[in-house]
Amino acid sequence: MSQAAPVILNGNDLSIDDIVAIGVGDKQVALDPQALQRCRASRAFLEDEVAAKRVIYGVNTSFGPMCNKIIDDEQIQELQVNLIRSHAAGLGEPLKDYIAIAVMAVRLNTLVKGFSGVRVELLEHMQWLINQRVAAYIPECGSVGASGDLIHLAHLALAVIGEGQLYYEGELRPAAAVYEQLGRAPLTLRFKEGIALMNGTSAMTALAAFAIFGARKLLNISCVTGAFAIEIFGGIDDAFDEDLHLVKPHRGQIQIADTIRKLYQGSANITLRSQMHELIRQQKTDGPVFETTINVQDVYSVRCTPQVLAPVAEAVAEAVRVVEIEANSSNDNPIIIAEQKKIIHGGNFHGQSIGFAMDMLCMAMATLCNLSERRTNKYLDKNLNEGLPEFLIPGTLGLTMGFMGAQYLATSTTAENRQLAGPVSTNSISCNASNQDVVSMGTVAARKAFKSVSNAKHVITLEVLADLQALSFGQAASQLGRGTGRIYELLKAEFKVYDNSAIFHDELVRLRRQLFSSQLFDDLAVYWRE
């Protein structure tokens with residue numbers, strides 16, 4: 001078990017990085033004592049209201065369009081279990097166990113805010129499940145993301161009450177057997193606790209956190225490949241000049257241009273604007289027209305990298321903002337505010353914000369793939385690659401194929417990501433006997449974004465491999481900038497020029513793992529600092 005300091009859940013400052021770290025087991029969770037005091041006050045107020053015979057949705061009423069059916073006090077505990085069993089109706093492949101643990105962590109953080117009226121015993125039981133790395137079996141399909149992730153979180157709630165199946169130590173086993181092995185009894189829920197577990201956006205939020213975590217790294221690597229491209233093709237630094245971008249001051253554009261400029265700083269591969277005119281004139285030949293070998297302007301996939309990645313960077317930043325707000329919100333119904341003596345019925349469980357953010361992230365990933373795939377194509381096409389070998393073949397052309405076959409991976413996956421970029425958060429379908437007449441499809445959007453990010457990793461992996469292969473020819477590798485040079489030295493340690501003596505898939509798997517299962521690209525600034 002990890003020895004790192006635990007993430008202290010207080011309902012206010014759970015981050016994307018925290019969610020991922022908890023999910024993958026790098027960190028455990030602890031409960032903030034002050035937050036627990038708020039939860040006790042919330043529960044006490046709710047108990048007083050129930051004792052006073054107040055009519056409270058989901059506590060002593062039924063659910064959805066049956067909310068006008070009032071439940072006798074003797075049955076209100078049974079009501080919660082019936083809700084869970086009936087809504088645990090998902091199908092499809094289960095979420096990965098580390099994502100299911102992250103879902104539990106996000107749900108626990110929202111309950112710890114103290115506006116859901118659950119007992120501290122429930123919170124402590126969820127904490128125990130997370131820290132023991134007991135993961136709920138949560139099928140991927142079922143949520144419309146409107147009354148929260150009802151189906152996904154019903155499956156999560158089964159883990160709490162010890163029904164269904166659980167993942168433990170990498171195996172899917174009956175919940176009862178896991179509890180018996182760990183020597184602990186499942187929790188018996190009291191009134192309000194079933195609906196408090198289920199009425200929320202925690203599944204879409206956890207999925208979104210993992211998608212964003214991958215997207216941030218993809219954006220960093222795309223800056224690196226952008227810097228490699230201008231160095232490999234010996235472009236002019238005009239396209240990344242700070243003053244150019246200050247006159248079109250999109251935050252993302254300025255950020256990307258600044259990052260790439262810092263990565264290639266000190267490069268001997270790039271023609272400086274101050275030297276361009278003299279160098280071109282030195283190549284003059286007789287006649288009315290002469291052709292220079294210096295690119296006055298590069299193709300858009302090189303020159304327009306800051307402009308293309310600008311909305312990608314901004315979409316990722318906005319997704320971080322939205323998801324971290326959601327992860328630290330009370331997205332339950334009803335909401336209990338003890339200090340104001342209010343029990344408020346509303347719609348905080350609706351996931352439209354996550355849906356929009358994840359659809360936007362899918363657009364960002366499709367755009368990133370468009371750029372990456374076109375740069376890879378430039379390296380491989382002998383009519384475009386400015387003297388590099390056809391298909392980056394190091395051996396005999398025709399006898400060996402180089403990157404010919406591998407390009408299909410980037411092209412087909414980019415096409416798939418373009419399809420995934422179509423919005424789903426606008427595809428509301430009325431359900432629940434038209435009680436849920438406007439739904440968010442936020443979880444579908446988050447699942448789509450998670451897939452889109454995974455696909456983009458394929459595309460970027462191939463581009464990085466093409467970068468390394470291209471740098472194996474000529475002098476460019478020995479003249480790289482400070483940042484690009486340091487990154488190249490790290491990557492080339494495990495790189496072998498592809499010469500058809502190995503299966504290409506194996507090279508891709510190795511590099512993909514190196515790029516995305518390490519901290520190599522978490523902070524690019526380390527590569528240009530002195």
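**Aromatic contacts in a predicted model**

Trainee: Which residues form one aromatic cluster with Phe403?

Mentor: This is a predicted model, in which local features need pLDDT of at least 70, side-chain atom pairs count only at pLDDT 80 or more, and totals for chains, interfaces and linings use all residues. Residues are numbered from 1 along each chain as its sequence is written, and side-chain values use heavy atoms, with hydrogens and water left out. Rings of Phe, Tyr and Trp (its six-membered ring) pair if their centres lie within 6.5 Å; planes under 30 degrees apart count as stacked, over 60 as edge-to-face and the rest as tilted. The aromatic cluster joins Phe403 with Tyr498 and Phe504.

Trainee: How many aromatic pairs does the structure hold, and what is the angle between the planes of Tyr98 and Phe210?

Mentor: The structure holds seven aromatic pairs. Tyr98 and Phe210 form a tilted one, 5.3 Å centre to centre, with an angle between the planes of 55 degrees.

Trainee: Is Phe210 buried or exposed?

Mentor: Buried means under 20% relative accessible area, exposed over 50%, and partly exposed in between (1.4 Å probe, protein chains only). Tyr98, at 26%, is partly exposed. Phe210 has a relative accessible area of 9%, so Phe210 is buried.

Trainee: Why is the pair of Phe233 and Tyr379 stacked?

Mentor: The ring centres of Phe233 and Tyr379 are 5.2 Å apart. The pair counts as stacked because the planes of Phe233 and Tyr379 lie at 20 degrees.

Trainee: Which residue lies over the face of Phe233?

Mentor: A charge sits over a ring if NZ of Lys or CZ of Arg is within 6 Å of the ring centre and within 35 degrees of the ring normal. At 4.4 Å from the ring centre of Phe233, the residue over its face is Lys378.
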